[in-house]
Every structure is written in C-alpha cells, then in structure tokens.
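The following exercises are to be solved with the sequence and the three-dimensional structure at hand. Each task is followed by a solution in steps.

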Amino acid sequence: MLFHEIYSTYYQTASVILREAVRGALTGRELNTIVQKYAFGESMLTIPDGMKKKWRLLRGDFSTPLREEPSLPLTTLEKRWMKAMLLDPRIQLFKPDMAGLEDVEPLFTPEMIVYYDRYSNGDDYTDAGYIRHFRVILDAIRENRNLVISFRSGRQMERRLTVTPYYLEYSEKDDRFRLIAGGYKRRMMINLSRIMECVPAEHGDRMALKEASEDTVTFELEDRRNALERVLLHFSHLEKETKRLDENHYRVTLRYDRQDEIEMVIRILSFGAAVKVTEPESFIRLLRERIQKQKEFAT
Amino acid sequence: MGYSELIKNFSRIRAYIRSFYVYGFRHRGDFTEKSARSYDNERRRVESWLGDYMKFGQDADGRRVFLSVDSRSIPENPLYRAFRTKSFTDRDITLHFYLLDILKGSGGLSITEIMDELTDRLLEFEADDLPDESTVRKKLREYGSLGLVTVQKRGREKVYLLSESPVNLSAWGPAAAFFSEAAPLGAAGSFLQQRIPDQFDRFRFKHHYILNALDSEILYELLTAIGEKRRVSFTVRKNSVTVLPLKVYIGTQTGRQYLLAASLLGKRFSFYRVDLIDNIKKGDICEYPPGLEQELADFCSHVWGVTGNNSSRLEHIEMTVFAGTEEGHIVERLEREKRCGSVERLDDTHWRFTADVYDAFEMIPWLRTFTGRVTELKCTDQRVPDRFWKDLDEMTLMYGEDTNAVS
C-alpha cells in the first residue's frame, strides 16, 4: 500500500520533533523550525498543537514519554521495491548492500515492463570500463574533486580535459548517462559511453558550471483528434505556459535548452499540422526548410 | 469538518494535480466536475504541498493557477509529496509512536504487556479515552501487514516484535536517489530516500515525465497482479473492465503508461491507459490459458507502440529515407528508433525502413520526424501515406514558402 500515513510528511515531521525531544534538546522555537523545514505550507496550524495536545506525544515542557529516538523498520513495500531494483541492469553501477533482502519477493521484474519507445542504442551497463568510470565520477561528485577525462568527441576527436563534475544526467528516452561538468568557462556535457579514461585530478580549483542557455518556442494548436492532451503531455517535462485563445485553440510557450533545438524541431514536426509555431522566426525557418525539402522529394 | 492539508483518498486530488500540471490554462470556473468550494480546497492543498512550483497567471477570464517545472533541473519528483499526505486520526499517530517505542528492544511483548505499558505512558495526559485492546490489536495487525511488526508464539502466548531491518541503508544512497526517479513505482524509493541521511542530490533527469507518479497506486496494483497472475477489474472512463494483466508499457516520449492485458479467455490483447484507470481491484489467481505466452510474444513483436489488437490484420509499411554520405546520424536514428521494424541500405544515400504492425496509423508521428528526407512511403493501410502527405500540404500552407531556403 503506497498511500499510507506511515510514509506521511506529518509522521516524518513528528518523528524529527520526537528525536529532538528524546535528546532533551527540544524547545518551542525548535519545534516550529522543524515544522517549517520538514512539513507543508500550512502545517504550522496543526502539527505543534497536535504534538502537545491531541496526539499526546509531548509534555508541556517539550519532553516526551518516548524512551528511544523514533525509527521505523523498513516496510515490506520498501524491501520489495529494493529487491526489484537489484534486478535492474543499471544496479551494476552502484554498490548497494544486498544483505537483508535475500528472502524478499521483488515488487516487479524487468520482464513486466516494456519501454516501448526507448532508443535501442543505450549505454552498456555491463561494461566493466563503463562501470568503473561511472563510479569514479560519482565519487568525485560526492567528494567535490576535479576529474581528468579522456573521451571521444561527437566528431570522433580524442580529447583530454580537467573538469569539475557537477551532475550525472540520465535520459530515459536515450537510456544514457551524461556528465555535466564545468571547465574552460563552459558547461560541458560528456556522454559516459564516450569516456575512455577517467581519474581523479591530483589537485586544482573548482571550476564554475555555466548556466545552460535557454530558448523559447511558442506555438498555437487546434484541439482536434485529442491534440491538446497529446501535445501538453508530450512536452509536460519542460517549463511551459498554456493559454486558451478560444474554445478550440491554445497558445503554448515552451522553454528548452538551446542545445536541444534540433530535437525540438523534430518533436514539433511529429505533431504535423496540429501545431503551428508562431515564434521565433529562426525556429520557423528550420521547420520551413525541412518541409520545403520534403515537398521537393514529393514532386 | 474543517479544512485539512491532508486527504483520505488519493484519486480525487490526482485529477486536480494533473489538471494544474498539464492544462495550466484552466480557471476556477472550468473545474465543473465538483463544486467551487471543492476546487478552492484542493487548490489550497496543492499550493500547501507544492507551493514552490505553483504559478499564477491573469488574463481576461480571471486568475489561473498552474504547476510549472522543468523536470531536468531538479533531483527529485515534487509530485511524490502528494503521496505523503494521507490523513489519520489522533489515535493513529499516538499508537504509531508509542507502539514502536514500546516494542523497540523489548524482545517481544504480549498484548497484555503492551496494553499495560501503553496505559502507563498515556495516563499522564489529561485525556480519558485510552485505546482499548481491540483497537491496539487491530493496529498491530495492520502493522504486521505493512511489515513493521511480526508475531511469534511464546508458549501458548502470542508476542509482538518489531521487525528487524538488517539492510545497510547508507550503502543505498545514490542507488535510491537514481531509481526513485528512473524506475517504476519510484514513490516507494522516495519513502526510502527520506530515511537516508545526507541524500545524494546530484542526479538530473532529462525527458523525465514526473506526472506518471500520480498513477503509482494503480501501477502498484497492476504490477503486483501481474506477479501473482491475478485478474484485475477496473473502470476506464466509466466502462467496467475485467482482464488478465500481462505487461506495463511505459512511454519515454509520450508521458503515458499503458497496461497490456488479455481478455479472460486469453484470445484478445488490448492496451489501457494507466492514467485513465480507476477503481481497480485485484481478483482471483488464474492460470494463463495454454499458448498465451507464445501468442503474447508474437503480438508484442508486431506492436509499434500502444495501439492495435491481435484481432486486426497486420499492416505492412515501407519508408525510404535519404541520408547523404556525410549523414550517418540519420541512419543511426533509423537503427535506434526502428523498434519492431528493420532497416536496409538500398544504395549510398537511400535506406529503407520496413515493418509489419497491427496498427500502422500510430506510426505517423514518428514518420513525420523524418520530414525533409522521405523519398517514398508505402503502406497497406493507405490512410497512412494519405495522412502524411495531406499534413505536409497543410504545413506548407501554414509556414509558406522559404525565400532563404538552404538547398
């Protein structure tokens, strides 16, 4: 059961409050600080009062009858989910402790799931070199250390750079990891599958990560054949704003990473005439170019 | 009853969050399914949980509230917060903390011992409603089903023990952070994450459809039913359905999840959108009809996406694509995106994709992504090329001629 109060923010917040109370460190101010930090926007109206009165968990002096700091054993749901993760090929990248899960039934198995539109040339999570690079990068991120990386660029050029690793980005569609790193006043994105060698740098200052350059595209769409829902769901992972123009027409503005412009052109083309880009002109030009070429093939 | 941040039932809020997130243009008056007061309460709750991501717009029709987030820029799906909002009674939370505290390190206690200890602890508060034994038993039984408590026999007596957690959670930090976002039922992983100190927050997720989190309860029922080979009953847009669930199809480009199921006689396969499934109930265990697994494998090898069924005939489709000698990336695209199709080289610059699928019509969006390169398109379902070329004509009219076209 997923929707249960034992996983709730209120229980979690109460647990933190009680931990402080058992330690003898709780004050009225501390209680309020914990609620503000861990709970929801309006929880201040409920939790402090509940702890002291209705729930009978705190005495008037902010001590508690509990004798030990609260802790919750792992639930069956959590253990079954963890067991399911142990069957995922990507688990090789991590070194999770499998002890304690031996007799647990997985919540699901990989055979039950089909990622039907995922690209087939994703990363090889069984490759020993790939796993080693992933772990070196993960450790470097955790330890705030620079890395020296040798990799093949998109143009098959071999390069060797010292970078500051910030994030490991995973694309569900591509089934690929990319390292997002700072260095040379740039924001670098390096596919892990292109890395040939990766070692921690001996020393070196941290290099800043440049913000991704963003662009927007605005299009109008007519809600025919359920286009509105298909389009809005398809682009739902991007920051967007939608306005209704009339009963059947909508205007959508999407914000996207400039590096993904060609991908955005292709994705918008996939909706055909249901979507009409209105700005910017540079984006329209890219669409027009492809349509024109296609017309030439048609004739 | 007054307003509360917490909710008893998830299905109602599911529709509101979905609307705020997907259809950000709706005004208060557009939410006609329930009363305006219901809207006000649900909006207030969502704002309370997800205030950082709520945005407001003003136009001629009034104020709009919507959720907007670039899921690539955050380490954790904020919609998981909605699963941490289950309401409870005062007694629930009181018993929760006292029972766990009493059982911790006790080596096992009988119900009488638990009741004595509980009474001692609660008597100091000015309240006269001490929980009775049957209530405590019920709570212990519930916690047994959740895996928090185990029951053992000590002589003729039943004793309750706190379950042990021998798992080293600190070794799960990055794995839990990753799979909470990149695996099905990540909400369960997010519960786990809450337990891990110093959570790892340096993963980012591209093409990440966070909305699927709202269907986690339905997905949980479906996946456990598949594992147990149980039939399931549910409603889809008010139609009642009872089927044998087989697989879950997840779109990494559409933001949708589907159930692939067989009719009870196992002769017909169909897809159901998970976000439209409601009122789900698991039924009896049933053996797969003979030959089902082979028929399923055959069916899956001729499905492009998530439409079609095995009672329709297979359609054959061929698309020839131009790729210049320096345009290996186009061929690479065909190869990685061909799914159940195949790709062959015709000459130095032409490549042919072919497939036999139950529903070729659903391929049209993908075919359009090759606009500018399609030299030939043939399909036994003539509607497919007809639609492709008709759309092209419409787009030509929409965008006009390019006076600066690059040849």
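**Exercise 1: A sheet in chain B**

In chain B, four strands make up an open, antiparallel sheet in the order S12-S13-S11-S14. The model is a predicted one.

*Task.* Determine which strands of this sheet stand at the edges, and state what follows for their sides.

*Solution.*
Step 1. Strands of a sheet pair through backbone hydrogen bonds, either parallel or antiparallel.
Step 2. Strand S12 (342–345) and strand S14 (374–379) of chain B each have a single partner strand, so one side of each lacks a neighbour in the sheet; these two are the edge strands.
Step 3. On average, neighbouring strands of the sheet are turned by 15 degrees against each other, direction ignored.
Step 4. Strand S11 (residues 315–322) and strand S13 (residues 350–357) of chain B are joined by eight bridges in the antiparallel sense. Within this pair, B:Phe322 has B:His350 in S13(B) as its bridge partner.

*Task.* Identify which strands helix H10 of chain B touches, then treat H12 of chain B likewise.

*Solution.*
Step 1. Helix H10 (residues 328–337) of chain B packs on the sheet and touches S11, S12 and S13 of chain B; its direction makes about 10 degrees with that of S13(B).
Step 2. Helix H12 (residues 383–399) of chain B also packs on the sheet, where it touches S11 and S14 of chain B, and its direction makes about 145 degrees with that of S14(B).

**Exercise 2: A hairpin**

*Task.* Describe how S3 and S4 of chain B are joined.

*Solution.*
Step 1. Strand S3 (residues 149–154) and strand S4 (residues 157–162) of chain B run antiparallel and are joined by six bridges.
Step 2. One of the pairs is B:Lys153 with B:Lys158 in S4(B).
Step 3. Two residues lie between the strands of this hairpin, and B:Gly155 takes a positive phi near 65 degrees.

**Exercise 3: Two crossing helices**

*Task.* Classify the arrangement of H3(B) and H5(B).

*Solution.*
Step 1. The axes of helix H3 (residues 90–103) and helix H5 (residues 133–146) of chain B come within 11 Å and cross at roughly 70 degrees.
Step 2. Angles of 65 to 115 degrees count as roughly perpendicular. H3(B) and H5(B) are therefore roughly perpendicular to each other.
Step 3. H3(B) contributes B:Arg91, B:Leu95 and B:Leu99 to the contact, while H5(B) contributes B:Thr135, B:Val136, B:Lys139 and B:Leu140.
Step 4. Sorted by class, these residues are four nonpolar, one polar and two charged.

**Exercise 4: The overall form of chain B**

*Task.* Is chain B compact or spread out when set against the globule rule?

*Solution.*
Step 1. Chain B has 12 helices and 14 strands.
Step 2. Its radius of gyration is 28 Å, well over the 22 Å that the globule rule gives for 407 residues, so chain B is more spread out than a compact globule.
Step 3. Along the principal axes, the C-alpha atoms of chain B fill a box of roughly 85 × 60 × 45 Å.
Step 4. Of the 407 residues in chain B, 37% are buried.

**Exercise 5: Where the chains meet**

*Task.* State how many residues each chain gives to the contact, and which strands pair across it.

*Solution.*
Step 1. Chain A supplies 103 residues and chain B supplies 110 residues.
Step 2. On the side of chain A, helix H8 (residues 281–298) gives the most, with 13 residues.
Step 3. That side of chain A divides into 53 nonpolar, 21 polar and 29 charged residues.
Step 4. Strand S1 (residues 113–115) of chain A pairs with strand S7 (residues 239–250) of chain B in the parallel sense over three bridges. Here A:Ile113 stands opposite B:Val248 in S7(B).

Notes:
Residues numbered from 1 in each chain as written. Chains lettered and ligands numbered in written order. Predicted model: local features only at pLDDT ≥ 70, side-chain atom pairs only at ≥ 80, totals over all residues. Contact = placed C-beta atoms within 7 Å. Nonpolar A, V, L, I, M, F, W, Y, C, P; charged D, E, K, R; others polar. Pairing = 2+ DSSP bridges. Axes fitted to C-alpha atoms, helices over the stretch in contact; angles between N-to-C directions. Parallel < 35°, antiparallel > 145°, perpendicular 65-115°, else oblique. Rg over C-alpha atoms; globule rule 2.2 N^0.38 Å. Buried ≥ 20, exposed ≤ 12 C-beta atoms within 10 Å, placed from the backbone.
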